[in-house]
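Got your viewer open and a selection box ready? Here's a walk through the model, one stop at a time.

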Amino acid sequence: MLNKKSIDDLQVKGKRVLVRCDFNVPLQDGAITDENRITAALPTIKKLVEDGGKIILCSHMGKPKGEPKPELSLAPVAKRLSQLLGKEVVFAKDDTVVGENAKKAVASMQDGDVILLENTRYRKEETKNEEAFSKELASLADVFVNDAFGSSHRAHCSTVGVTEFVKESAVGYLMEKEIEFLGNAVNNPQHPFVAILGGSKVSDKINVINNLLEKVDTLIIGGGMAYTFAVAKGGKVGDSLLEADKVDYAKEMMEKAEKKGVKLLLPVDTVITKEFKNDTEFKTVSALEIPDGWMGLDIGEKSREQFTDAIKSAKTVIWNGPMGVFEFENFAAGTKAVAQAMADIDATTIIGGGDSAAAVNQLGFGEKMTHISTGGGASLEFLEGKDLPGVVAVQDK
Ligand code: AMP
């Protein structure tokens, strides 16, 4: 159980409540292309509105690097949020985030009103967790609520610094839900417990692999990171992604798996090509025998079958990272197979954010999963067994 104050423990009537959300959504030509992070924030916002608080929302979007960048404004989020809430969300347009305009907007709020501040990363202090901006944010509010799971692995002004300068702080419903699902899956899983890791780099997931080997019955590794393991097994990977300086680590992890009695499943075959694009010649070969001049961009059919079988027998499955370059249709079969296998089973199925969440939603399997995390980096750090600074900073119950 999370020992942090929750929004159910607050009395917000008439109070100004600053809520850190994760509205870092993908935009294309000003249009939001995936609104899951916005819909995930609704329960907290609705609850605080119902309780009669004055709700001041804030978030970052992208990396404006400490200055106003109109293409990374949160204005489109305010518009969409108004539609989803069925109530106006005033956008407090302000290049300094907490400038005159934002202060005026806050001063004129009635109970139950909602406003959204501008992108917190327009301020260079934000990512450095500098006191001045934390104090400015805190000056707008009586209470701070952190509901931004996807940003809670970062100690920034709007996730950590601000908590020092408000009277009260709590976590929101999304934060509670993420921690409950991810925490239960990892620390209290029903067995067999299978974890699937993919994506491009071993180096990003070193601590995740290490930590999960303590907990799982089966660890499946696919995607670009599998080729470093193939080399550790004495294989040839041609021009595939390889982190030569992580080969020894891969060997160490294979030994650890054996010692712990964890089944480590690596691809046995792989789909290779000469060029990094969709429309090109491709064929399937043994994962340990990729010729020079060719690179593996997906797991092969036998691997898909083996991975699917392992997933089928599981009671808990966690997945983070695609099995191949799923952005190219010709190399998406491995990622689709894993998503399909997880959608088909009667088990606790958790998607650890990022690309795998996008893939599952695009394939229309979203509803079939027990939980799809809104945080990529944050869920990885959680899976590493780390405490998230944005959660630690909130007041205990
Ligand atoms: P990550 O950000 O580490 O989760 O990696 C996701 C990216 O890994 C996706 O954009 C995939 O296209 C890429 N990826 C997965 N498998 C491979 C591969 N075999 N070769 C190159 N890139 C890959």
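Before the opening stop, a word on names: helices and strands here are DSSP runs, with at least four residues for a helix and at least two for a strand, numbered from the N terminus. Also keep in mind that you're looking at a predicted model.

**Stop: valine 145**

Select valine 145, which sits in strand S7, residues 143-146. Its relative accessible area is 0%, so it counts as buried. Now show what surrounds it. Leaving out residues up to four places away in sequence, valine 145 touches Ile7, Leu10, Val17, Leu18, Val19, Arg20, Thr44, Ala170, Val171 and Gly172. Want a distance to draw? Go from its C-alpha to that of glutamate 168: 23 residues along the sequence, 8.6 Å in space.

**Stop: serine 169**

Next, pick serine 169 in strand S8, residues 168-171. Buried or exposed? Buried, because its relative accessibility is 2% and the cut-off for that label is under 20%. Turn on side chains here: the one on serine 169 reaches the backbone nitrogen of glutamine 395 at 3.0 Å. Glutamine 395 also shows up among the contacts of serine 169 beyond four places in sequence, together with Lys5, Phe144, Thr163, Ala393 and Val394.

**Stop: the ligand**

Select the ligand and expand to its shell. You should get 15 residues, of which Ser200, Gly224, Gly296, Glu327 and Asp355 come nearest. Sort that shell by type and it splits into 5 nonpolar, 6 polar and 4 charged residues.

Now draw some backbone contacts:

- Serine 200 puts a polar backbone atom 3.0 Å from a ligand oxygen.
- Glycine 224 has a backbone N or O atom 3.1 Å from a ligand nitrogen.
- Glycine 296 has a backbone N or O atom 3.0 Å from a nitrogen of the ligand.

How much of the ligand's own accessible area does the protein cover? On its own the ligand has 500 Å², and the protein covers 79% of that.

**Stop: glycine 199**

Step back to glycine 199, in the loop between S9 and helix H6 (206-212). With a relative accessible area of 12%, glycine 199 is buried. Skip its neighbours within four places in sequence and you'll find it in contact with Lys205, Gly222, Gly223, Gly224, Met225, Gly321 and Pro322. One of those, Gly224, is also on the list of residues that come nearest to the ligand. For a longer line across the screen, join the C-alpha atoms of glycine 199 and lysine 283: 84 residues apart along the chain, separated by 21 Å.

**Stop: helix H10**

Select residues 333-344, which is helix H10. Its end C-alpha atoms are 16 Å apart, and that agrees with the 16 Å that 12 residues should span at 1.5 Å a residue. Colour the buried ones: Gly334, Thr335, Ala337, Val338, Ala339, Ala341, Met342 and Ala343. What do they pack against? Strands S9 (193-197), S16 (295-299), S17 (316-320) and S18 (348-351), plus helices H9 (301-312) and H11 (354-362).

**Stop: helix H12**

Move on to residues 376-383, helix H12, where 7 of the 8 residues are buried. Those are Gly376, Ala378, Ser379, Leu380, Glu381, Phe382 and Leu383. They pack against helix H1 (36-50), H5, H6, S17 and H11. Just after H12, click glycine 385: its phi is positive, at about 90°.

**Stop: backbone oddities**

Open your torsion display for the last few picks. Most residues other than glycine have a negative phi, and most peptide bonds are trans. Here are some departures to look up.

Valine 97 has a positive phi near 65°. Find it in the loop between strand S5 (89-92) and helix H3 (100-107). Valine 97 is buried, with a relative accessible area of 0%.

Asparagine 129 also has a positive phi, near 55°. Look in the loop between strand S6 (114-117) and helix H4 (131-139). Asparagine 129 is partly exposed, at 27% relative accessible area.

Finish on the bond from histidine 191 to proline 192: this peptide is cis, with omega near -5°. Proline 192 lies in the loop between helix H5 (173-187) and S9.

Notes: Residues numbered from 1 in each chain as written. Predicted model: local features only at pLDDT ≥ 70, side-chain atom pairs only at ≥ 80, totals over all residues. Heavy atoms only, no water. Near = heavy atom within 4 Å. Polar contact = N/O pair within 3.5 Å; in protein donor to acceptor, adjacent residues only side chain to side chain. Areas by Shrake-Rupley, 256 points an atom, 1.4 Å probe, with all protein chains shown as cover. Nonpolar A, V, L, I, M, F, W, Y, C, P; charged D, E, K, R; others polar. Expected span 1.5 Å × (residues − 1). Buried < 20%, exposed > 50% of the residue type's maximum accessible area, 1.4 Å probe, protein only. Contact = heavy atoms within 4.5 Å.
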